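Got your viewer open and a selection tool at hand? Here is a short walk through this structure, stop by stop.

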Amino acid sequence: MSGVQSVVNSIANYKVDLNFQRFVLKKIMRLPVAFYDKNKADELISRTTDDTTTMRSFLVQDLLAIPSNIYTLVGILATLFLNDWRLVILGLLMSALTFVVPIITARISFRWNDLMQGKLSGLTGYLAEGLQNIPLTKVFVQEAREIGKGLKVIKELYDTRVKYLFINSGLGVLSSAQEMVSLLLNVLGGVYLINAGYITLDMWIAFYMYASSLTGAIAALFPQLWVSIKGVQGSTRRISEIAAEPDETKGGSLDLRTQGGDIAFDHVSFSYADGPEVLQDLSFTIPQGKTTAIIGRSGEGKSTLYGLLERFYQPNNGQITVGGQDIDAYNMHTWRKAVGYVSQNTNLLSGTVRDNIVYGVDRDVGQEEIENVARLANAYDFIQELENGFDTEVGLNGSKLSGGQRQRICIARELLKDPALLLLDEATSSLDMEAEYQVTQALNRLREGRTTLMVSHRLRSVTDADQIVYLADHKVAGTGTHESLLKENVSYRNLIQAQLEDAV
Ligand SMILES: Nc1ncnc2c1ncn2[C@@H]1O[C@H](COP(=O)(O)OP(=O)(O)O)[C@@H](O)[C@H]1O
Ligand SMILES: [Mg+2]
């Protein structure tokens, strides 16, 4: 029977784990990007694993045991009472002892558990960062220093474990002592009651058998439950913080592809969390089907502005409208499907070249179409030269390809996605001249007929934009064509002058 019970119990454990992890996983995918500015990824990993496990064991082990412990408690107390009320007093006296030790040990246990968890996550953190930065470490010949750091972390973990072991054994002695005193009470109490003629010997033998079940039930119902509740509080708090965080908005029902129009910023201000305002009172229009260049020094908030257009963030003040409608009236899902984004940090996933090109397209895409976009993106030739063509694995983050190659695969992906609004964020800035030429040519094909926003520090590619929005001091410092801004805007003219001098 106990074999069957343990299987059923394990399955219950796994099922509760599964449900908790499902819940957390789905939730973290739905949270807004701003949430991830505040919370670190490795903490979230521990939430989906450690915290859900802690909560599960509380539910399945501690809470589920309550009914059967109450049953045991009431049953035994009733039986004892029917024999002699003095036995009830003796049983309760023995049980009172079970309150003493847990209250002493719980505090110490929590502190050390916390300490040990901290050391463990220190080790995980060290490994995660260290492995990522091995090339950097080698370039600066810092192996010895990194190993030293690692050894220290490992040694600290060992020391903490050993100390914890001794403390735990010490606490173990305490609870053994408690059992001894309990037994002593049992025997001495029994001797007294029999001698006084209140009970018979066989009644005491029965009491002796019942006593441990009684103290066990009381210990589980009160002190141990209290300890467990304390222990699970941290996990519950962290999980419920995620649960309470509102999901990303779904938006209205408009679709950018069919109901688009000019995009207008109307007195838009924005700041990250509680930082300073990165965008201040921006007002300008992005005409449909044209290319608008955003120009401004590094840190002016150009990428931030893209974040607003991708609806990763909400403006603090002001409104963004599209075709006269508030941006939130557009459905979030179809919006993101209609917005393309190419940045300097191109993101490829591990998988084949083909997987990466069709990523984000829900329909079946034929080979011909894939080759077609690859040609337009100037990617076809180099893909053909790869070991397995379109079926070549690109490695983690596309590490087996060069920067320019990755970029062109991203452009092919965007061509297939066929976005209505295209956001280019310094897409060519990390490339050499030849790659830049190839990518620029591909980008120009991608831009055709689309509403495009472009940030680039290469003058040539921005001067022929239909419109330029010039940002300075986090405000709009001028809008117009390159020529008109050059003529009318002193600050813009200085910026361009400085860049031209740099180029020479
Ligand atoms: N996720 C973020 N959280 C807090 N501050 C940020 C975040 N991203 C950017 N910033 C800050 O916002 C400012 C503008 O950044 P960004 O939009 O990337 O500038 P640009 O693209 O024009 O160089 C910078 O001061 C930067 O430090
Ligand atoms: Mg930027």
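Start at the ligand. Pick T304 and ligand 1: a polar side-chain atom of T304 sits 2.5 Å from an oxygen atom of ligand 1. The model you are looking at is predicted, and the protein in it covers 58% of the 570 Å² of accessible area that ligand 1 has on its own.

Stay here and add G299 to your selection. One of its polar backbone atoms is 2.7 Å from an oxygen atom of ligand 1. Next, bring up D37, where an N or O atom of the side chain is 3.4 Å from a nitrogen atom of the ligand.

Now show the whole shell around ligand 1: D37, Y272, V278, R297, S298, G299, E300, G301, K302, S303, T304 and Y313. Colour these residues by class and you'll get three nonpolar, five polar and four charged ones. Which helix gives the largest share of this shell? That's helix 10, residues 302-309, with three residues.

So select helix 10 next. Is it mostly buried or exposed? Seven of its eight residues are buried, so the rest of the structure largely encloses this helix. The buried ones are K302, T304, L305, Y306, G307, L308 and L309. Go past the end of the helix to R311, which has a positive phi, near 65 degrees. Keep that in mind, as most residues other than glycine have a negative phi.

R311 also takes you to the next stop, since it is part of the lining of the largest cavity. Select it together with L308, Y313, Q314, P315, I320, I327 and D328 to see that lining in full. By class, you have five nonpolar, one polar and two charged residues here. The space inside is about 30 Å³, and the count of cavities of 30 Å³ or more comes to one.

From there, move to the largest pocket, which holds about 1800 Å³ of space. Its lining has 46 residues, and the closest to the pocket's centre are E310, F312, R336, Y359 and K417, so those five make a handy selection for centring your view. Then colour the lining by class: 21 residues are nonpolar, 14 polar and 11 charged. Helix 10 turns up again here, among the elements that each supply at least two residues of the lining. Others on that list include helix 1 (2-30), helix 3 (41-83) and strand 6 (339-343).

Helix 15 is on the list as well, and it leads to a loop worth a click. Select D418, in the loop between helix 15 (403-417) and strand 7 (421-425). D418 isn't a glycine, yet its phi is positive, at about 55 degrees. With a relative accessible area of 41%, D418 is partly exposed.

For another positive phi, jump to V141, in the loop between helix 5 (134-139) and helix 6 (143-195). Its phi is near 50 degrees, and V141 is not a glycine either. How does it sit, buried or exposed? V141 counts as exposed because its relative accessibility is 63%, and the cut-off for that is over 50%.

Last stop: T481, in the loop between strand 10 (475-480) and helix 18 (482-488). T481 is partly exposed, with 33% relative accessible area. Select Q467 too and draw a distance between the two C-alpha atoms: they are 4.9 Å apart in space, while the residues are 14 apart in sequence.

Key:
Residues numbered from 1 in each chain as written. Chains lettered and ligands numbered in written order. Predicted model: local features only at pLDDT ≥ 70, side-chain atom pairs only at ≥ 80, totals over all residues. Heavy atoms only, no water. 1 Å grid on protein atoms, 1.4 Å probe; cavity = no way out; pocket = protein on both sides within 12 Å on 5 of 7 lines; lining within 4 Å. Points joined across faces, edges and corners; volume = space filled by probe spheres on them. Nonpolar A, V, L, I, M, F, W, Y, C, P; charged D, E, K, R; others polar. Near = heavy atom within 4 Å. Polar contact = N/O pair within 3.5 Å; in protein donor to acceptor, adjacent residues only side chain to side chain. Areas by Shrake-Rupley, 256 points an atom, 1.4 Å probe, with all protein chains shown as cover. Helix = DSSP H or I, 4+ residues; strand = E, 2+ residues; numbered from the N terminus. Buried < 20%, exposed > 50% of the residue type's maximum accessible area, 1.4 Å probe, protein only.
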